[in-house]
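Colleague: Please take a close look at the empty space inside this model for me. Then work outwards to whatever else you can describe around the chain.

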Amino acid sequence: MDLWFTELHTPDVKLSIKVDRQIYTGRSEFQRIDVFESKEFGRFLVLDGYMMLTERDEFIYHEMMTHVPMAVHPKVRNVLVIGGGDGGVVRELCRYDTIERIDLCEIDELVVEVCKAHLPSTACRLEDDRVEVHYEDGLRYIRRFENAYDLIIVDSTDPFGPGEGLFTREFYGNCFKALREDGIMVNQHESPFYENDAVAMQRAHKRIVESFPISRVFQAHIPTYPSGHWLFGFASKRYHPVQDLDAAAWNLRGLGCRYYNTKLHVGAFALPSYVEELLREVE
């Protein structure tokens, strides 16, 4: 008998992946956690029935969340990652020897433990000496800080359940306060394609625009996310994501990413017309 994992993207659209076996299932205080193994996408993490990452395509998401701001900001020393319990963003950040401290604020300790045990390709740098993990609600955690971070990466789940508070006006305002005078915030910005996702994207964008003087959106193709077309937000107090890109300096690092490069960086901010129209409606 064939075993398939199926995720509804809309009431009329679903994604199905043939599964070889279920590696883990459990329930934390916050959500159900599953890890499956498949031939096509390798192991993949599912929270409350929604796919968070697969071994096959996670590098796209994590590289774009991390290297876009790192190629713009010249002096990132202290970073806060909110969410991101799988460790993928931390893994990419740890490739920079100039970063001195990485705080990871994850609400669900079990997510981290499951990923350490079953997804070591993403969780492999969580034990780095520069990383400190805080098991706390990100909305509550960020309130305590002012002028503390050069970069905040909001690697949240979708805007419901445990991640709902990370899409509020209060949260983005507190991120602004917690950043230094030239700080950058990057967040996952949902998909613009399906109607419900587009509404959530617009809502988040409107609140970020109200909080930051510079706010732009960029994109990537992630096959297992709804529609495959995924957006990210870039918000800053000082730096423009394209005009202030230092491609030469970033390329000298020789990091050798699988998806990100500085030519793609520029192109990722060139959005389709329908996405630009959705953004203009709320700006």
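**The cavity and beyond**

Modeller: The structure holds one cavity of 30 Å³ or more. Keep in mind that this is a predicted model. The space in this largest cavity is about 30 Å³. Its lining is made by Met70, His73, Pro74, Lys75, Val76, Arg77, Thr98 and Arg253. By class, that gives three nonpolar, two polar and three charged residues. Met70, Pro74 and Val76 are the nonpolar ones. His73 and Thr98 are polar. Lys75, Arg77 and Arg253 carry the charged label.

Now the open spaces. The second largest pocket has a volume of about 190 Å³. Its lining consists of His205, Ser215, Arg216, Val217, Phe269, Leu271, Glu276, Leu279, Arg280 and Glu283. Two elements each supply at least two of these residues: strand S12 (214-221) and helix H10 (273-280). Ser215, Arg216 and Val217 fall within the bounds of S12. Glu276, Leu279 and Arg280 fall within those of H10. The pocket lining divides into four nonpolar, two polar and four charged residues. Val217, Phe269, Leu271 and Leu279 make up the nonpolar group. His205 and Ser215 are the polar pair. The charged set is Arg216, Glu276, Arg280 and Glu283.

Next, the charged pairs. Side chains of opposite charge can pair when their charged atoms come close. The structure holds 20 salt bridges. Start with arginine 21 and glutamate 37, whose closest N and O atoms are 2.9 Å apart. This bridge links distant parts of the chain: arginine 21 sits in strand S3 (residues 21-27) and glutamate 37 in strand S4 (residues 32-38), 16 residues apart. Arginine 21 has a relative accessible area of 41%, so it is partly exposed.

Arginine 101 and glutamate 132 form another salt bridge, with a closest N to O distance of 2.7 Å. Arginine 101 belongs to strand S8 (residues 101-106) and glutamate 132 to strand S9 (residues 131-135), so this pair ties together parts that are 31 residues apart in sequence. Both partners are partly exposed: arginine 101 at 33% relative accessibility, glutamate 132 at 37%.

A third bridge joins arginine 238 to glutamate 181, with the closest N and O atoms 3.6 Å apart. Here the link runs from a loop to a strand: arginine 238 is in the loop between strand S13 (229-236) and helix H8 (247-252), while glutamate 181 is in strand S11 (residues 179-188), 57 residues away in sequence. The 3.6 Å distance still counts because a salt bridge needs the two atoms within 4 Å. Arginine 238 is partly exposed, at 43% relative accessible area. Glutamate 181 stands at 60%, so it counts as exposed, the cut-off being over 50%. Elsewhere, salt bridges that share partners bring Glu58, Arg91, Glu92 and Arg95 into one network.

How is the chain divided? There are two parts: domain 1 (4-54) and domain 2 (58-282). Their centres, taken over C-alpha atoms, are separated by 23 Å. Where they touch, 23 residues come from domain 1 and 21 residues from domain 2. The numbering places every residue that lines the cavity in domain 2. The arginine 21 to glutamate 37 bridge falls inside domain 1.

One residue shows what a buried position looks like here. Isoleucine 82 is in strand S7 (residues 78-83). Its relative accessibility is 1%, so it counts as buried, the limit being under 20%. Arginine 43 is 39 residues from isoleucine 82 in sequence, and their C-alpha atoms are 23 Å apart in space. By number, arginine 43 belongs to domain 1 and isoleucine 82 to domain 2.

Last, the backbone. Which residues other than glycine have a positive phi? Aspartate 48 is one, with phi near 50 degrees. Aspartate 48 lies in the loop between strand S5 (42-47) and strand S6 (50-54). With 38% relative accessibility, aspartate 48 is partly exposed. Serine 227 is another, with a positive phi of about 75 degrees. Serine 227 is in the loop between S12 and S13. Its relative accessible area is 31%, so serine 227 is partly exposed too. S12 is also the strand that supplies residues to the lining of the second largest pocket.

How values were computed
Residues numbered from 1 in each chain as written. Predicted model: local features only at pLDDT ≥ 70, side-chain atom pairs only at ≥ 80, totals over all residues. Heavy atoms only, no water. 1 Å grid on protein atoms, 1.4 Å probe; cavity = no way out; pocket = protein on both sides within 12 Å on 5 of 7 lines; lining within 4 Å. Points joined across faces, edges and corners; volume = space filled by probe spheres on them. Salt bridge = Lys/Arg side-chain N within 4 Å of Asp/Glu carboxyl O. Helix = DSSP H or I, 4+ residues; strand = E, 2+ residues; numbered from the N terminus. Buried < 20%, exposed > 50% of the residue type's maximum accessible area, 1.4 Å probe, protein only. Domains from an automatic or database assignment. Contact = heavy atoms within 4.5 Å.
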